[in-house]
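Colleague: I am new to this structure. Please take me through how to read it.

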Amino acid sequence: MAVLTYRDALNQALREEMQRDDRVFLMGEEVAEYNGAYKVSRGLLDEFGARRVVDTPIAELGFAGIGVGAAMVGLRPVIEMMTWNFALLAIDQIVNSAAKMRYMSGGQVGVPIVFRGPGGAALQLAAQHSQAFESWYAHIPGLKVVAPATPADAKGLLKSAIRDDDPVVFIEGEMLYNLKGEVPDGGEHLVPIGRAEVKRAGGEVTLVCHSKTVAVALKAAEELAAQGVDAEVLDLRSIRPLDEAALLASVAKTHRCVVVEEGWAFAGVGAQVVDTIQREIFDELDAPVLRVTQADVPMPYNKHLEKAAKADVPKTVAAARKVLYLE
Amino acid sequence: MATKVVMEALSPTMEEGRLIEWKKQEGETVAAGDVLAEVETDKAVMELVARAGGVLRKQLVPAGATVPVATTVAVIAGKDEDIAALLGNGSAAPGAGAAKPAQGAAGAETAAAAETAGAAETVATAETAAAAGKAHPAPVVAAAPAAPATPADGGRVKASPLARRIAAERGVDLAGIAGSGPGGRVVQRDVERAPVAAAPAAGAAPRPARALPDEGYADEPLTQIRKTIAKRLVQSIGPVPTFYLTAEVDMERAWDAREALKALGPEGKVSFNDIILKAVATALRQHPACNAWWQDDHIRYWRDVHVGVAVAVEDGLITPVVRHADRKTLREISAEVRDMAGRARERRLRPEEYTGATFSISNLGMYDISHFTAIINPPEAGILAVGGIIEKPVAADGQVTIRRRMQVTMSCDHRVIDGATGAEFLRTLKTLLENPLALVW
């Protein structure tokens with residue numbers, strides 16, 4: 001297996017899918033001449049030309065709409081949002097056009113499109129540029145939402161997203177682009193949408209996470225192991241569809257659960273996870289499911305306040321100990 | 001740290017105990033684990049051991065007295081420690097003033113409470129509070145008295161869903177368990193530490209599962225056909241729909257084998273019952289369908305074979321259990337049965353030695369009984385009644401010869417074992433006994 005960065009794994013996925021299918025094209029701000037704001041599209045303009053790697057003006061609603069239209073007539077656009085914060089301007093096209101077209105056309109017109117870009121907080125980008133939007137899009141019937149945490153999952157899920165016949169919201173992480181990891185060689189590394197993965201097996205408490213909080217949960221599991229607690233780390237990978245079977249199997253085994261996510265708590269991803277658990281396996285629970293989320297405030301710019309507002313390892317460890325009645 | 005010594009539930013069904021003899025006197029220094037007294041339970045004479053070290057400051061119950069489970073019987077404390085709070089204050093000895101449970105069924109609660117009290121109820125004084133932490137290395141086991149799950153006002157018991165499920169499966173009454181979670185919530189670990197409740201004396205209520213820590217079994221959900229069979233049979237014949245299978249076994253070779261072993265010297269002496277037990281265990285290994293418990297909504301097929309042997313005692317009978325009998329040699333089985341039967345007659349069996357059988361044997365051969373039926377001990381699904389070995393004329397190869405023959409009758413719970421299933425088991429058993437070399441094969 002090759003060791004790649006998350007960035008290069010995404011680049012491979014784009015390149016392979018563009019080689020595989022002439023209908024696939026990439027469009028967004030700075031994706032062509034500048035090789036992408038985060039260099040995810042490096043080299044693609046040279047290889048595929050301006051017809052398939054298209055720079056746009058700073059006009060998210062416009063190029064999102066062009067993408068939806070292209071998808072409706074048979075192309076397979078990948079629309080890069082420089083960050084998901086900017087996609088707020090395009091949300092009408094994503095939610096009202098892309099997500100609903102198949103339903104409102106009576107199944108006649110699908111929208112095979114991928115909207116992708118980094119989400120969540122990085123470092124000191126302040127309140128308007130530090131937001132996790134998974135739960136916003138996961139709320140919408142008609143959208144699939146994935147948020148990979150590793151280079152292998154990034155590549156495999158992006159390839160699956162591009163091949164999917166319906167719109168997929170693909171949320172990356174600015175802080176993840178330099179993350180290195182093993183990626184299976186060969187062109188057919190696909191990770192199915194809707195499948196969670198146990199990133200660390202354990203028996204006493206399940207730490208549910210996705211995207212950047214997978215690293216948080218893994219570190220927390222290490223600290224818990226040093227304290228004699230055997231934690232399992234379940235990476236959702238896909239937020240919608242949610243892999244309920246994997247989630248329930250893990251919690252039915254451990255009887256205790258903590259959900260760790262970047263976003264705010266209210267109506268967040270964890271709220272759906274908790275709902276699923278209590279509804280399906282109430283009798284397996286030995287403690288209420290706890291959640292570790294961003295504090296219920298706009299993300300502070302101040303470095304110390306930002307750190308305090310984020311879901312982190314100490315908060316995760318404390319929550320795990322609480323559901324184990326160790327506090 | 002002063003510690004109360006309470007009358008503990010020393011058997012699953014114990015409601016009260018008679019303190020036969022104090023083994024430690026007031027003023028004597030005791031260590032945790034020392035035997036403080038001998039207690040007669042409903043089943044055996046057991047030892048009451050100190051849960052903490054110190055000086056036995058006060059005996060609160062004279063030798064010969066019978067007191068309910070959970071009654072404080074003594075106080076262990078430092079030599080000069082003030083124990084007035086434990087002696088004078090009624091609330092410090094919850095069991096002492098408590099009336100004997102009005103009904104037998106309430107015994108389970110009392111027993112559960114007593115176990116918890118005996119294990120964890122301690123009173124820390126200021127100067128020894130620090131030491132308390134050391135005495136309990138697992139931080140989970142708080143030394144502080146746990147809040148009882150039942151509020152004083154008789155409100156609902158707070159328990160986690162998992163704790164409720166486990167309690168229901170084990171037949172443990174949550175009300176008797178002190179919860180260690182927030183607000184006294186009973187959580188998994190509290191239920192798992194609680195003793196399993198006793199079965200109701202003879203009521204129609206289903207017998208609770210005898211849960212063992214061992215997971216050497218597989219639970220199979222009931223199929224529709226098994227559900228229907230169970231329902232119809234129970235309507236027809238009673239709570240345990242039993243049928244009987246009898247087979248006659250030629251014991252000539254078993255007789256010879258026993259004689260040959262006997263010739264090896266005193267060590268080689270085994271009883272026919274030992275040989276039968278070994279053969280039953282071996283046959284059960286081959287017929288797991290007969291090595292099972294009826295559990296009302298499922299059938300528990302045991303991977304391990306634990307054979308109970310009915311032993312007559314002075315005023316009844318008790319069934320010591322040879323665990324993993326299929327994996328033991330005849331010599332091991334023989335020694336174990338001899339030891340346990342002896343102690344059973346002295347009423348000195350520990351509870352774990354007479355519970356948990358997956359199948360039982362009752363042998364009345366020594367009383368010249370040629371044939372009888374035995375009553376199933378639920379939740380086991382079968383019991384084998386063994387008659388005497390009798391010389392009788394038998395037709396073989398067209399000739400009438402005199403052979404040593406033995407009749408065995410298997411009682412089968414039809415909800416678990418069907419006729420053909422039981423018959424196949426008996427055929428294997430007969431083959432093994434008629435070819436005893438197969439037992440070591």
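Colleague: How many disulfides does the structure hold over all chains?

Modeller: A disulfide is a covalent bond between the sulfur atoms of two cysteines. The rule here asks for a pair of cysteine sulfur atoms within 2.5 Å, and over all chains the structure holds zero disulfides. C290(B) is in none, its nearest cysteine sulfur being that of C412(B), 6.4 Å away. This is a predicted model, with residues numbered from 1 along each chain as its sequence is written and chains lettered from A, ligands numbered from 1, in the order in which they are written. Local features need pLDDT of at least 70, side-chain atom pairs count only at pLDDT 80 or more, totals for chains, interfaces and linings use all residues, and side-chain values use heavy atoms, with hydrogens and water left out.

Colleague: Is C412(B) buried or exposed?

Modeller: C412(B) counts as buried (under 20% relative accessible area; exposed is over 50%, partly exposed in between; 1.4 Å probe, protein chains only), because its relative accessibility is 0%.

Colleague: What area do chain A and chain B bury between them?

Modeller: The size of an interface is often given as the accessible area lost when the parts come together. Chain A and chain B bury about 920 Å² (1.4 Å probe, summed over both), with 54% of it on carbon and sulfur atoms. On the side of chain A, D283(A), D286(A) and Y325(A) supply 54% of the area buried against chain B, more than any other three residues.

Colleague: Which side chains meet in a salt bridge?

Modeller: The rule wants a side-chain nitrogen of Lys or Arg within 4 Å of a carboxyl oxygen of Asp or Glu. E284(A) and R165(B) meet this way at 2.5 Å, N to O, and the count between the two chains is one.

Notes
Buried area = accessible area lost by both parts, 1.4 Å probe.
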